[in-house]
Amino acid sequence: MIISPGLIIILFILALVVILLAKGLMIVQQSEAVVIERLGSYSRTLESGVNLVIPFIDKPRSITIRRYREVKGDNLPLVVEETRIDRRETVMDFPGQSVVTTDNVTVTVNGALYFQIVDPKRAVYEVENFTQAVEVLAKTSLRSEIGRMELDKLFESRKEVNDALQITMDEVGDKWGVKVTRVEIQDISMPEEVEDAMRLQMAAERKRRATVTEANGQREAAIATAEGEKQSSVLRAEGDKQAAILRAEGERQAIYQLRDAIGAEDPQLVVGYMLGQKYLQVLPDMAREGDRVFIPYEASALLGAMGSFRELATEVGEPTNASNEGLRRARQMMTGEAGLG
């Protein structure tokens, strides 16, 4: 079989077309982008899907990325060049760095940076290595923020530090086509002597708080006790006052009722009568513990009360045998002649 020169030319052209189509067909994955240069200048940015380029004229521009790879427990930097730009959110865990606080304490801070490429063209042309630039900016901003704080304030202000770093990164990241979503401080390490001093300080502070709390409790308890005693004394005094008023009122009413009942005009007779009754009620009890009793009060009081009995009985017209008998018994008690029976 003889192949003609025309057929060979046709086959060559077909093969060249197939090669050109294979070279000019570029498939970009989802969440990826490719920056295309035509004859050395920017042409366009390829998005995800099937894209056609001119072979040997359109070329993808590579981007320099700095990553960290863990080798034997250490994070070692690794610089690579890629033609496909990942537009997903990426985390950069940069190694810890020494930072000096405003009270001259050196601490080691380990942070993490979350960023996303929003403009592939700027990420390629505006900065030589955008990952390294973002990392260096995060470190310098972190030193600046922590350098204005004391050590005790640093542990309480992680959120403020993260927010300040994110604001700084956003201002510069917009120029590079990078959006910094979050900046987090992962760990803060300090020298052992500083940790020991902080533990002692924490223990002393807790002891002081416990002492203050106990003292406040005792003070409040003493105040409550004094207030209760005050109120109790006021209530007892008020009760005694009311009881005395009621007793006086009752005795006054009893005197008037007795005077009206017996028809006596002289109030002294009524008072003497009542005192005499009290004396007669007490006399048997006074002699209960022995055969003889000595009365330590004046005899004229009891005799006056007995006289009031006699005058009252004479005034109302009743016989005076009872009053005479009471007077006799009173005299016997005063002279020591009365007994229990």
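When I sort residues by class in this talk, Ala, Val, Leu, Ile, Met, Phe, Trp, Tyr, Cys and Pro count as nonpolar, Asp, Glu, Lys and Arg as charged, and the others, with Gly among them, as polar. With that settled, let me say at once that what you see above is a predicted model.

Let me begin with the overall picture. The protein has nine helices and 11 strands, and of its 341 residues 27% count as buried. If we take the contacts between residues at least 6 apart in sequence, 60% of them join residues that are at least 24 apart.

I turn now to the empty space inside. Rolling a probe the size of a water molecule over the atoms shows where empty space is left. The count comes to one cavity of 30 Å³ or more, and the space in this largest cavity is about 40 Å³. Its lining is made by F94, V109, G111, A112, A138, L142, L165, V183, E184 and I185, and the elements that contribute two or more residues to that lining are strand 10, helix 3 and strand 11, the last of these spanning 178-189. By class, the lining of the largest cavity divides into eight nonpolar residues, one polar and one charged.

Strand 11 also holds Q186, and I would like to stay with that residue for a moment. Is Q186 buried, partly exposed or exposed? Its relative accessibility is 40%, so Q186 counts as partly exposed. Setting aside neighbours within four places in sequence, Q186 is in contact with D93, N110, G111, A112 and R158. For Q186 and N110, the separation is 76 residues in sequence, while their C-alpha atoms are 5.5 Å apart in space.

Next, the packing of two helices. Two packed helices are described by the angle between their axes and the distance between the axes. Here the axes of helix 3 and helix 5, the latter covering residues 158-176, come within 10 Å and cross at roughly 145°, and the crossing is right-handed. On the helix 3 side the contact is made by A133, V134, L137, A138, S141, L142 and E145, and on the helix 5 side by V161, A164, L165, T168, M169, V172 and W176. Taken together, the residues of this contact comprise 11 nonpolar, two polar and one charged.

Helix 3 appears once more at the second largest pocket, which holds about 270 Å³ of space. That pocket is lined by 17 residues, and those nearest its centre are R66, R67, T90, V91 and F115. Two or more lining residues come from each of strand 6 (63-71), strand 7 (74-82), strand 8 (85-86), strand 9 (90-100), strand 10 (106-117) and helix 3 (130-146), with the largest share, five residues, coming from strand 6. The lining of this pocket has eight nonpolar, three polar and six charged residues.

Finally, a word on the backbone. Most residues other than glycine have a negative phi, and most peptide bonds are trans. Which sign does phi take at F56? F56 has a positive phi, of about 65°, although this residue is not a glycine. F56 is found in the loop between strand 4 (49-52) and strand 5 (58-60), and F56 is exposed, because its relative accessible area of 65% lies over the 50% cut-off. S31 likewise has a positive phi, near 65°; S31 lies in the loop between strand 1 (25-28) and strand 2 (32-38), and with a relative accessible area of 30% S31 is partly exposed.

Note on methods
Residues numbered from 1 in each chain as written. Predicted model: local features only at pLDDT ≥ 70, side-chain atom pairs only at ≥ 80, totals over all residues. Heavy atoms only, no water. 1 Å grid on protein atoms, 1.4 Å probe; cavity = no way out; pocket = protein on both sides within 12 Å on 5 of 7 lines; lining within 4 Å. Points joined across faces, edges and corners; volume = space filled by probe spheres on them. Helix = DSSP H or I, 4+ residues; strand = E, 2+ residues; numbered from the N terminus. Axes fitted to C-alpha atoms, helices over the stretch in contact; angles between N-to-C directions. Left-handed = near helix turned anticlockwise from the far one by under 90°. Contact = heavy atoms within 4.5 Å. Buried < 20%, exposed > 50% of the residue type's maximum accessible area, 1.4 Å probe, protein only.
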